[in-house]
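Reader: I would like a close look at one part of this model, a single buried strand and what surrounds it, followed outward into the rest of the chains. Please take it slowly and keep the reasoning connected.

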Amino acid sequence: MGLNAEPLLAHLRRFAFASVHAFPILGWGGAELWRRFRKLQAVDVSYGPHGADLFVFAGEIPVEWEEHTRSLFETVPLPRLAIWLRPDWRCEVPTGIPIAYVIESGAFHRLNWTDIRTRLLDPDNGVNKPLLADRPPAPWRGLGDHSQGGEGMMGGKPYGRPMAMTADDIDDLSLDDVPMALGPHFPNLPSGLELELRVQGDRIRTVEAVRNHFPVVNIDANGSLQTKVGIVNWLTLAALRGEPVRIADLERARVCSHLAWMADFLALSGRDSVARRFRHAFDDALVAARVGDIAKLIRRAEWGGLQQQLRGVGVTDAKEAARLNLTGPVARASGLARDGRAKDPAYQALDFAIQTETAGDSWARWRVRARECVQSMELIRRAGETLSEAPPEGPRGESSKNADGLRTPTTANLAALKAHLFTLEWFEALLFIASLDLDMQEAALR
Amino acid sequence: MYLNALLFALFGVGFALVLLWVGRKLSPHINTEPARRPFESGMDPQVHAWNRFHVRYLNYALIFLLFDMEMAFMYPWAVVFLDVGWKAFMEMGMFIVILVLGILYAWREKAFEWD
């Protein structure tokens, strides 16, 4: 063939994508950047690297993540590209993978998508080739009687990984006991949270370990921390230092946090279109948001069986919530009237009332947050410029300093996770974890 | 006589193979061991993905058996019911009571709940 097909093929490849799919890795401040990036609606989210075209690093990526993010990237099919959403503080470029694009946090709307697609499809972009050596996780070919990689039926290591052994399940049946790690990069769960589980079928048998992949950060030592942990924690930290905070700012942060949680939670429960409406209804500062709009949106989300789906999932009764010392909406959903705001004279002057539910299940947690959204909008309107002097209640609960350092709501509520995850079925477990609204960046603060 | 059918089949299979070959030739792809690694939401999987999954059909089997046995016995019973009379009625009563115990057991085992 004397015909040079390359220009034609290059042209045709541009039509290969109806839309670009992106898989996110969320570092420090990454959740916020990713949320804003998604709002552009330029990419679809991929829930695993196998379905992705763009591998998106968002925020400051801890250097400890280099190795496992690189092996995740290797599973992204060709053509592929790694981009980085840089946070607005000085930090190192994520290492391990050649980053093709660095996108400044203020420049999302000026992105040149034609250029990004061209780079994605460029065979010489540096990542459209194998990056890791072609070796199985463990040698197995040619070993054993049937080349299964070991002795006996269960001793083999087909494709380099051993077979799961059996253990008795709750019905005394001997079933495969599969060790599996949930997280730290599952797009529907808090980034950085890794649960080491043993599952039998779709039922969780035990929780072996709960890990936080965010490295520990000392709040007194690091000057740049204020921006690193986002506005929500920044307000909490300011109040812990004893600085007065505007009630309107606090409540705005609460509504934003709750709405963002609701959007993710709805997406997880299979309600993508409503989740999208939550993401796009309001901007980050809640300018022009009205109480009625938010209440309407929440009512819309509750149509279609949300209550039936969430009832009875991950129940923590009041006694247990008190024993585990839970905090925030999680504690209030179990019937504990715990809210730092009730003790604050500034809030008392605004007729603040604690929102509680009694069921203690995931539906109760949804309802508490839903009612708090509406209440907070009212408080923003009434508060004006009023300042709060007391250590405030953040969207996830109360933070306090003790002998061990900082006790954040996430560290407190992780106790509920450990206590209730086993024997849950897979999807219930995901809903339950999401209903606790954990933020592993917060849990890394000391 | 069947030459046309043979040609048609050959053409069909050949065309499919050509399409597969074209796709393989034109699409960029890598097929190395690390690229085939399954995604377990972040970390490296420790065991092979082949594992046995228990669907718990025993509950369905229990319900099927209970209601199917009932029907299997009731058809011949209905034929002779008028001839035999009260004796047949008592026998069926006893049979149903035993079956109901099974249904209660299935109920306790949560066989009637949809997951």
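Author: Helices and strands are here DSSP runs, numbered from the N terminus, with at least two residues needed for a strand. In this predicted model, strand S3 of chain A takes in residues 54-58, and A:Leu54 lies in that strand.

A residue is called buried when its relative accessible area is under 20%, and A:Leu54, with a relative accessible area of 0%, is therefore buried. Leaving aside neighbours within four places in sequence, the contacts of A:Leu54 are with A:Val20, A:His21, A:Ala22, A:Phe23, A:Val43, A:Leu81, A:Ile83, A:Trp113 and A:Ile116. For one of these partners the separation can be stated in two ways, since A:Leu54 and A:Ala22 stand 32 residues apart in sequence, yet their C-alpha atoms are 4.5 Å apart in space.

The strand also has a helix packed against it. Strand S3, together with strand S1 (20-26) and strand S4 of chain A, is what the buried residues of H3(A) pack against. Those buried residues of H3(A) are A:His68, A:Thr69, A:Ser71, A:Leu72, A:Phe73 and A:Glu74. Between helix H3 (66-74) and strand S4 (81-86) of chain A runs a loop that holds A:Pro79, and the peptide bond that joins A:Leu78 to A:Pro79 is cis, with omega at about -10 degrees. Most peptide bonds are trans, and most residues other than glycine have a negative phi.

A second cis peptide bond, with omega of about 5 degrees, joins A:Gly183 and A:Pro184. In that case the proline, A:Pro184, is placed in the loop between strand S8 (178-182) and strand S9 (193-200) of chain A.

From H3(A) there is also a link to the other chain. A:Glu74, one of the buried residues of that helix, is in contact with B:Thr32, which, apart from its neighbours within four places in sequence, also touches A:Pro130 and A:Asp134. B:Thr32 sits in the loop between helix H1 (3-26) and helix H2 (58-84) of chain B, and with a relative accessible area of 10% this threonine counts as buried.

Helix H2 of chain A, residues 30-39, can be read in a similar way to H3(A). Its buried residues are A:Gly30, A:Leu33, A:Trp34, A:Phe37 and A:Arg38. Viewed down the axis of H2(A), these buried residues fall within an arc of 135 degrees, so they line one face of the helix. Just after H2(A) comes A:Gln41, whose phi is positive at about 60 degrees.

Two further residues with a positive phi lie in loops between helices. A:Asn325, although not a glycine, has a positive phi of about 60 degrees, and its place is the loop between helix H11 (318-323) and helix H12 (328-333) of chain A. A:Asp351, another residue other than glycine, has a positive phi near 60 degrees and is found in the loop between helix H13 (345-348) and helix H14 (362-383) of chain A. As for accessibility, A:Asn325 is partly exposed at 37%, whereas A:Asp351 counts as exposed at 64%.

Stepping back to the whole of chain A, the strand and helices described above belong to a chain with 17 helices and 16 strands. Its radius of gyration is 24 Å, which agrees with the value near 22 Å that a compact globule of 446 residues would have. Buried residues make up 53% of those 446 residues, and, of the contacts in chain A with a separation of 6 or more, 66% are between residues 24 or more positions apart.

Chain B, by contrast, has three helices and zero strands, in the pattern α-α-α along the sequence. Its radius of gyration is 30 Å, well over the 13 Å that the globule rule gives for 115 residues, so chain B is more spread out than a compact globule. Along its principal axes the C-alpha trace of chain B spans about 80 × 60 × 20 Å, and buried residues make up 21% of the chain. Carbon and sulfur atoms supply 73% of the roughly 9,400 Å² that chain B exposes.

Technical notes. Residues numbered from 1 in each chain as written. Chains lettered and ligands numbered in written order. Predicted model: local features only at pLDDT ≥ 70, side-chain atom pairs only at ≥ 80, totals over all residues. Heavy atoms only, no water. Buried < 20%, exposed > 50% of the residue type's maximum accessible area, 1.4 Å probe, protein only. Helix = DSSP H or I, 4+ residues; strand = E, 2+ residues; numbered from the N terminus. Arc of directions from axis to C-beta. Rg over C-alpha atoms; globule rule 2.2 N^0.38 Å. Areas by Shrake-Rupley, 256 points an atom, 1.4 Å probe, with all protein chains shown as cover. Contact = heavy atoms within 4.5 Å.
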